[in-house]
Amino acid sequence: GGTFKSKESPWTRESTKMAVAPPSYCFVAFPPRAKDGLVVFGKNSARPRDEVQEVMYFSAADHEPESKVECTYISIDQVPRTHAIVISRPAWLWGAEMGANEHGVCIANEAINAREPAAETEALLGMDLVRLGLERGTTAKEALDVIVALLEEHGQGGNYYEDADSCHSFQSAYLIVDREEAWVLETVGKYWAAEQITEGVKCICNQLSLTTKIDAEHPELRSYAQSQGWWTGEDEFNFSQVFSLADDHLDCCAGKDSLEKKEESITVQTMIDILRDKASGVCIDSESFLTTASVVSVLPQNRSSPCIHYFTGTPDPSRSIFKPFIFVDDVKLVPKAQSPCFGDNDPAKKEPRFLEKPDRRHELYKAHEWARAVIESDQEQGRKLRKTMLELEKQGLEAMEEILTSSDPLDPTEVGDLFYDCVDTEIKFFK
C-alpha cells in the first residue's frame with residue numbers, strides 16, 4: 001500500500017463529479033421464506049460517521065385547505081389528512097431514511113448514482129419522499145403512486161449531507177412494503193421504474209437493481225432513454241443496464257447472499273443478525289461512513305395482529321438495542337430519542353446553509369456513545385456490557401412474540417409507552 005493517503009483528493013472528485021453513495025441495505029422477506037405468515041422488513045442506514053439520527057413519532061393530522069408543508073428545502077401543497085408515522089431520520093432534515101405508518105406501510109430509501117447526475121438544485125430529497133409516501137399512502141402501491149406523482153411535480157435534488165463544502169446529490173431507490181406486497185421503485189430524475197414483489201426475499205442497496213421485470217414505469221421512460229442514446233429500442237429494455245454508470249454493474253450481493261443463504265425461515269432475529277453482520281459488508285463501519293441507525297419491521301399478514309417496528313436510534317446495530325414500537329391511539333412521545341430543535345436558527349434552514357454544525361446528539365445517543373467507548377476500550381467490561389444489551393433486547397423481542405402469538409386483542413394502554421420505556425431502560429442501564 002502507498003503512503004499517500006487523503007480523505008478526498010480534489011482530482012478524483014473533479015473527474016467523477018460524483019460523491020460516493022453510501023452502501024446502505026434494505027431487505028424484505030415474505031412467507032413462506034419468512035416465519036409464521038409474517039412479512040419481515042429491515043434496513044441499515046449508512047450515513048456520514050458523525051451524523052445523528054433521531055426517532056420521531058408524528059400523529060395523524062387534518063390540515064387546512066391551501067396549507068403548505070415545509071420539506072427539507074422546498075414547501076409543497078399539504079394534503080387534507082396525513083397518517084400517523086414513526087421515522088428514523090438524520091436530525092437536520094425534514095424527511096426520513098426509513099419508517100412506517102399506522103397502516104402497516106414501511107418505506108426505506110437508498111442513494112443511487114446513475115448515468116444521469118442528480119440535480120444539485122434544491123428540490124425534494126429522496127428522504128423527503130420517504131416521509132411523504134408514509135404520510136399519504138395507506139398501502140405500498142398508494143405510497144408508490146404518491147412518490148412518483150410528487151417526483152413528476154417537484155423533481156428531486158439538493159444536498160444529501162449537512163455539508164457546506166460541497167453538494168452531494170443522488171438519485172433514489174425505494175423499498176416500499178405492506179402486509180401483502182412490496183414494490184422496488186428506482187428513480188432517475190423524474191423518470192422511474194418499479195417491480196412488484198409478493199414472495200421470496202429481496203435486497204436493495206445503493207445501485208440500480210431492476211432489470212427486465214418492470215411492473216410499472218414512467219410513461220416516457222423508454223423514449224427518454226432512446227433520446228439520450230442509452231437504448232436502441234431494438235434489444236430488450238433492461239432498466240439498470242440502461243441507466244447505470246458503465247462500471248456500476250456490481251450485484252448488491254452482500255445483502256442478497258446473507259438472506260438467500262438462510263435455510264431456516266426468516267424471523268425478526270434473523271433480520272437483526274443480518275443487519276449486525278460486518279463481515280458481509282451489510283453493517284458499515286468505514287472511515288467515512290457508519291450504519292448510523294437501523295430498523296426491522298414485522299408485518300403480520302393476518303390483520304388482527306399489530307405490526308411491530310424495532311428501531312435502534314443509535315449507530316452500529318452490532319452494538320445497539322432494537323426497541324419495539326407499536327401504533328396505538330395514544331403513543332407516548334420519546335424526547336430522549338429526539339435531537340435538540342434549533343427552530344429557524346438551524347444552520348440547515350438558513351441560507352447559505354450549513355455554515356456551522358450544531359451538536360445534534362440526543363440523550364439516547366450520548367448515553368450510547370459511552371457504551372460504544374467502553375466496548376472499544378475494555379474487553380472484559382465491553383463483553384459484559386454487550387451481553388446485558390442483548391439481554392435487554394431479548395426481553396423486548398419475547399414480549400413482542402407473545403403479543404403476536406396471543407389470541408387476545410392488543411391492549412392499547414399496554415403498548416402506548418412501549419418505545420418510551422425501552423429507551424428509558426436503556427439510558428438508565430448505560431449510566
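Reader: How many cavities of 30 Å³ or more does the structure hold, and what makes such a space a cavity?

Author: In this predicted model there are three cavities of 30 Å³ or more, and each is called a cavity because a 1.4 Å probe fits there but cannot get out. The largest cavity has a volume of about 100 Å³. It is lined by 16 residues, of which Phe325, Val331, Lys332, Val334 and Phe419 are the closest to its centre, while β3 and α11 (418-430) each supply at least two residues of that lining.

Reader: Why is the space of about 520 Å³ called a pocket?

Author: A pocket is an open set of points with protein on both sides within 12 Å along at least five of seven lines, so the word applies to this space, which ranks as the second largest pocket. The lining of the second largest pocket counts 27 residues, and the closest to its centre are Arg89, Trp92, Leu93, Trp94 and Lys349. Strands β3 and β5 (68-70) each give at least two residues to this lining, with β3 contributing the most, namely three.

Reader: What makes β3 (53-58) an edge strand?

Author: Strand β3 pairs on one side only, as does β15 (216-217), and these two are the edge strands of an open sheet of eight strands, ordered β3-β8-β9-β10-β11-β12-β13-β15 with antiparallel pairing.

Reader: How do you know that β10 and β11 pair?

Author: At least two bridges are needed for two strands to count as paired, and β10 (residues 106-112) and β11 (residues 171-177) share seven, in the antiparallel sense, so they qualify as a pair. Cys106 stands opposite Val177 of β11.

Reader: Which helices lie across β10 and β11?

Author: Helix α2 (residues 126-136) lies across β3, β8 (85-90), β9 (98-101), β10 and β11, and runs at about 165 degrees to β10. Helix α3 (residues 140-154) lies across β10, β11, β12 (182-188) and β13 (191-197), and runs at about 10 degrees to β12.

Reader: Why is Cys167 not counted in a disulfide?

Author: A disulfide requires two cysteine sulfur atoms within 2.5 Å, whereas the closest cysteine sulfur to that of Cys167 belongs to Cys71 and lies 17 Å away, so the separation is too far for a bond. Cys422 is likewise in no disulfide, its nearest cysteine sulfur being that of Cys307, at 18 Å. By this rule the count comes to zero disulfides.

Reader: Why is Cys422 called partly exposed?

Author: Its relative accessible area is 22%, and because the term covers values between the limit of 20% for buried and that of 50% for exposed, Cys422 is partly exposed. Cys167, with 25%, is placed in that class by the same rule.

Reader: How do you know that both faces of β17 (residues 308-311) are covered?

Author: Ile308 and Tyr310 on one side of β17, and His309 and Phe311 on the other, are all buried, a term that stands for under 20% relative accessible area, so residues on both faces meet the criterion.

Reader: What makes β16 and β18 partners of β17?

Author: With two bridges as the minimum for pairing, β16 (residues 289-300) is joined to β17 by four, running antiparallel, and β18 (residues 323-325) pairs with β17 over three, also in the antiparallel sense, so both count as partners. In the pairing with β16, Ser297 has His309 of β17 as its bridge partner, and in the pairing with β18, Phe311 has Lys323.

Conventions
Residues numbered from 1 in each chain as written. Predicted model: local features only at pLDDT ≥ 70, side-chain atom pairs only at ≥ 80, totals over all residues. Heavy atoms only, no water. Contact = heavy atoms within 4.5 Å. Axes fitted to C-alpha atoms, helices over the stretch in contact; angles between N-to-C directions. Buried < 20%, exposed > 50% of the residue type's maximum accessible area, 1.4 Å probe, protein only. 1 Å grid on protein atoms, 1.4 Å probe; cavity = no way out; pocket = protein on both sides within 12 Å on 5 of 7 lines; lining within 4 Å. Points joined across faces, edges and corners; volume = space filled by probe spheres on them.
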